[in-house]
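Opening the notebook on this one. I'll jot down what I looked up, entry by entry.

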Amino acid sequence: MLGSKGFDLWADGYDRSVGLSDEDGTYPFAGYRDVLNEIYSRILNCKGRDVLDIGFGTGTLTVKLYEQGCRIFGQDFSPRMIELAQARMPQAQLLQGDFANGLVPALMQRQYDAIVATYALHHLTDRQKITFLQELRPLLKEGGCIYIGDVAFINRTELEACRCECGDEWDEDEIYFVYEELKAAFPEMTFEKLSHCAGLLMIPA
Ligand SMILES: C[S@@+](CC[C@H](N)C(=O)[O-])C[C@H]1O[C@@H](n2cnc3c(N)ncnc32)[C@H](O)[C@@H]1O
């Protein structure tokens with residue numbers, strides 16, 4: 001599992017390596033652009049403009065929302081990722097913190113129209129995911145939504161099929177979302193499959 005230092009080292013080459021995997025249609029980033037575009041359109045189609053991004057990385061998604069006038073808040077544990085994203089979004093409130101310990105107090109003080117987490121929460125166990133998402137949900141404004149875009153599957157059979165296809169490429173350290181297994185904790189959650197390994201999970205307020 002990559003720690004904050006690993007992400008610091010990956011930061012400068014991140015956009016390029018993700019783009020290549022998406023273009024080739026290969027695990028883990030096949031469908032990455034579609035995931036981000038889908039979340040972008042859904043947020044811009046809503047009224048509110050306050051967006052919290054968990055594990056924002058270089059800011060690929062939130063920079064576009066920022067340019068459309070959204071107020072961006074975020075938490076990431078990699079100083080280099082924060083530096084790169086802050087340079088692209090000078091007015092955004094981007095704070096350092098490990099989300100395995102929850103949201104940093106300053107970001108708990110307000111509510112958001114959208115909370116997004118793309119390709120970040122697979123670093124948490126399923127139990128930690130549920131606890132964290134339950135902590136985030138009350139921070140949504142009325143009509144708001146949590147958007148999780150990631151390597152994700154509707155059920156374990158689909159995950160296992162992808163794992164077989166990927167062979168040695170499969171990252172055993174990452175714990176991917178399985179919609180049918182998390183739905184018990186969030187009955188209103190929905191799932192959209194966007195590639196053979198990518199999905200969008202949405203939890204309304
Ligand atoms: C694969 S990148 C995804 C970046 C961006 N959301 C995207 O879709 O391109 C994962 C990001 O989550 C951050 N991250 C991973 N684990 C974290 C943790 N436990 N606490 C805070 N940030 C974390 C990393 O530093 C990195 O910026």
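**Strand S1 and the core**

I started with strand S1 (residues 50-54): 4 of its 5 residues are buried, so S1 is largely enclosed by the rest of the structure. Buried here means 20 or more other C-beta atoms within 10 Å of a residue's own, exposed means 12 or fewer, and partly exposed is in between, with C-beta atoms placed from the backbone. Helices (H or I, at least four residues) and strands (E, at least two) are DSSP runs, numbered from the N terminus.

Housekeeping: this is a predicted model, where local features need pLDDT of at least 70, side-chain atom pairs count only at pLDDT 80 or more, and totals for chains, interfaces and linings use all residues. Residues are numbered from 1 along each chain as its sequence is written.

Next I checked the pairing of S1: it runs parallel with strand S2 (residues 71-76) over 5 bridges (strands pair if DSSP finds at least two bridges between them). Aspartate 50 has arginine 71 in S2 as its bridge partner.

Then I pulled up the largest nonpolar core, which has 54 residues; Val51, Ile115 and Ile146 touch the most other members. Strand S5 (residues 140-153) gives the most to this core, with 8 residues. Such a core is a set of buried Ala, Val, Leu, Ile, Met, Phe, Trp, Tyr and Cys residues joined through C-beta atoms within 7 Å.

**Helices H1 and H4**

I looked at how H1 (residues 4-24) meets H4 (residues 79-88): their axes come within 7 Å and cross at roughly 35°. Axes are lines fitted to C-alpha atoms, for helices over the stretch in contact, with angles from 0 to 180 degrees between N-to-C directions. From H1, Phe7, Asp8 and Ala11 meet Pro79, Arg80, Met81 and Leu84 of H4 (contact: C-beta atoms, placed from the backbone, within 7 Å).

**Ligand shell**

Which residues come nearest to the ligand? Of the 16 around the ligand, they are Phe7, Gly55, Gly57, Ser78 and Thr118. I took "around" as a C-beta atom, placed from the backbone, within 6 Å.

**Backbone oddities**

I found a cis peptide bond from tyrosine 27 to proline 28, omega near 5°. Proline 28 sits in the loop between H1 and helix H2 (32-44). The C-alpha atoms of tyrosine 27 and arginine 163 are separated by 9.5 Å, though the two are 136 residues apart along the chain.

Tyrosine 119 also caught my eye: it has a positive phi of about 55° although it is not a glycine. Tyrosine 119 is buried, with 22 other C-beta atoms within 10 Å.

Terms used
Two residues are in contact if their C-beta atoms, placed from the backbone, lie within 7 Å.
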